[in-house]
Amino acid sequence: MRNFKIAFLILTIILGSTFLFWDNILDFYSLLSLQLPKVEKETILIEETEKQVFTPPPLRAKEEVPESFLTQAGIIKWTNIQRQEYGLLSLKEDTKLNTAAEVKAQDMFSKQYFTHVSPLGVGVGDLVESAGYEFLIVGENLALGNFQNDEMLVQAWMDSPGHRDNILNGRYQEIGVAVVRGTFEGAKVWMAVQHFALPLSVCPQPDEIVKEEIDLNQSQIKELLKTADRLLSKIKTMRPKRGAAYKEAVEQYNALVAQYNALIEETQVLASQYNIQVNIFNQCVAGVE
């Protein structure tokens, strides 16, 4: 009988301990059922390609010719003749580049300066962009003085290494020209401006719709993560970790995690596609001739 009582007492202690820690055991296994968010980051590399600008020192006429006369069409004509002699394609006249060149010439007379950058800090890149022209490469030739005619002006530029490099740059595709006669430093003279450019449109640009979709997804991913984190914190403090309310919270959390991870994977695919487009664009910018 004594042995029976001792055995019963031991059994009671064991069962009591089991019931005492049962909630903790249930809590432990309930926590194991939670799926923690899989945070994967896809770096979207959008390499910025620096636009190239070529601006040789402005050219002044060495000799003044009494009967000087310059024309826009003539300067474009003789510029292309020089290019053809060196086996280069002719430049196509662009109205936006013409506008930018005209603004530059008028501004130099108005503010009485003869440099590539205005007193207000405006350069050729600013001018052509203000005219609505998007470029990859741009160049500017300036000339001041009474050159005899269009051919002689273009020849003077050809005799100057920097201006010659602009005229014979094989990457340029378009040109704009302005010639204006006015008063500069008290004398009546001609101001001539050439704008050369390679337009942005020659290279296939990344799809902005894809980029916008990536940005939207990233915003949604952040919000989903915040919501999931809040719900996870709530679940960890819930007692007991069983019953309908707990089960509903866990199921809601797991649904959020599934949505989060699916959106991550979708965004990774989009980012990969977009980065391929960016690389193609940058290769085009670096190598287009």
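# A walk from helix 2 outwards

Several elements cover the buried residues of helix 2, among them strand 3 (92–93), helix 5 (150–158), helix 6 (161–167), strand 5 (174–184) and strand 6. Keep in mind as you click around that this is a predicted model.

**Stop 1: helix 2.** Select residues 72–85. The end C-alpha atoms of this helix are 20 Å apart, in agreement with the 20 Å that its 14 residues should span at 1.5 Å a residue. Now show side chains for Gly74, Ile75, Ile76, Thr79, Asn80, Gln82 and Arg83: these are the buried residues of helix 2. Go to the start of the helix and add threonine 71, where a side-chain oxygen comes to within 3.0 Å of the backbone nitrogen of glycine 74. Past the other end, pick glycine 87, which follows helix 2 and has a positive phi, near 75°.

**Stop 2: the cores.** Stay with Ile75 for a moment. In the largest nonpolar core, which has 29 residues, Ile75 is among those with the most contacts inside it, along with Leu136, Phe147, Leu153, Trp157, Ile167 and Ala192. Colour by element and you can see who contributes: helix 2, strand 4 (135–144), helix 5, strand 5, strand 6 and helix 8 each give two or more residues to this core. Apart from it there is another core, of 16 residues; to find that one, select Leu224, Ala228, Ile235 and Tyr246, which are among its members.

Back to tryptophan 157. What does it touch, leaving aside neighbours within four places in sequence? Its contacts are Leu59, Ile75, Asn141, Leu142, Ala143, His163, Arg164, Ile167, Ala192 and Gln194.

**Stop 3: the disulfide.** Searching the whole structure turns up one disulfide. Select cysteine 203 and cysteine 284; their sulfurs sit 2.1 Å apart. The link is left-handed, with -85° about the S-S bond. Which parts of the chain does this pair tie together? Cysteine 203 is in the loop between strand 6 (187–199) and helix 7 (208–237), while cysteine 284 belongs to helix 8 (residues 244–287), so the bond connects parts 81 residues apart in sequence. Are the two cysteines buried or exposed? Cysteine 203 is buried at 2% relative accessible area, and cysteine 284 also counts as buried, at 17%.

While you're on helix 8, pick asparagine 279, which lies in that helix and is partly exposed at 36% relative accessibility. Then add proline 206: the C-alpha atoms of these two are 9.0 Å apart, although 73 residues separate them in sequence.

**Stop 4: backbone oddities in the loops.** Select arginine 239 and proline 240. The peptide bond joining them is cis, with omega about -5°, and proline 240 is in the loop between helix 7 and helix 8.

Next, try glutamine 112. This residue is not a glycine, yet its phi is positive, about 55°. You'll find glutamine 112 in the loop between helix 3 (95–111) and helix 4 (124–130), partly exposed at 38% relative accessibility.

Finish with glutamate 185, another non-glycine residue with a positive phi of about 55°. Where is glutamate 185? Look in the loop between strand 5 and strand 6. Switch on the surface there: glutamate 185 is exposed, with a relative accessible area of 57%.

Key. Residues are numbered from 1 along each chain as its sequence is written. This is a predicted model: local features need pLDDT of at least 70, side-chain atom pairs count only at pLDDT 80 or more; totals for chains, interfaces and linings use all residues. Side-chain values use heavy atoms; hydrogens and water are left out. A disulfide is a pair of cysteine sulfur atoms within 2.5 Å. Helices (H or I, at least four residues) and strands (E, at least two) are DSSP runs, numbered from the N terminus. Buried means under 20% relative accessible area, exposed over 50%, partly exposed in between (1.4 Å probe, protein chains only). The expected span of a helix is 1.5 Å times one less than its number of residues. Contact means heavy atoms within 4.5 Å. A polar contact is a pair of N or O atoms within 3.5 Å; within protein, one must be able to donate a hydrogen and the other to accept it, and residues adjacent in sequence count only if both atoms are side-chain atoms. A nonpolar core is a set of buried Ala, Val, Leu, Ile, Met, Phe, Trp, Tyr and Cys residues joined through side-chain atoms within 4.5 Å.
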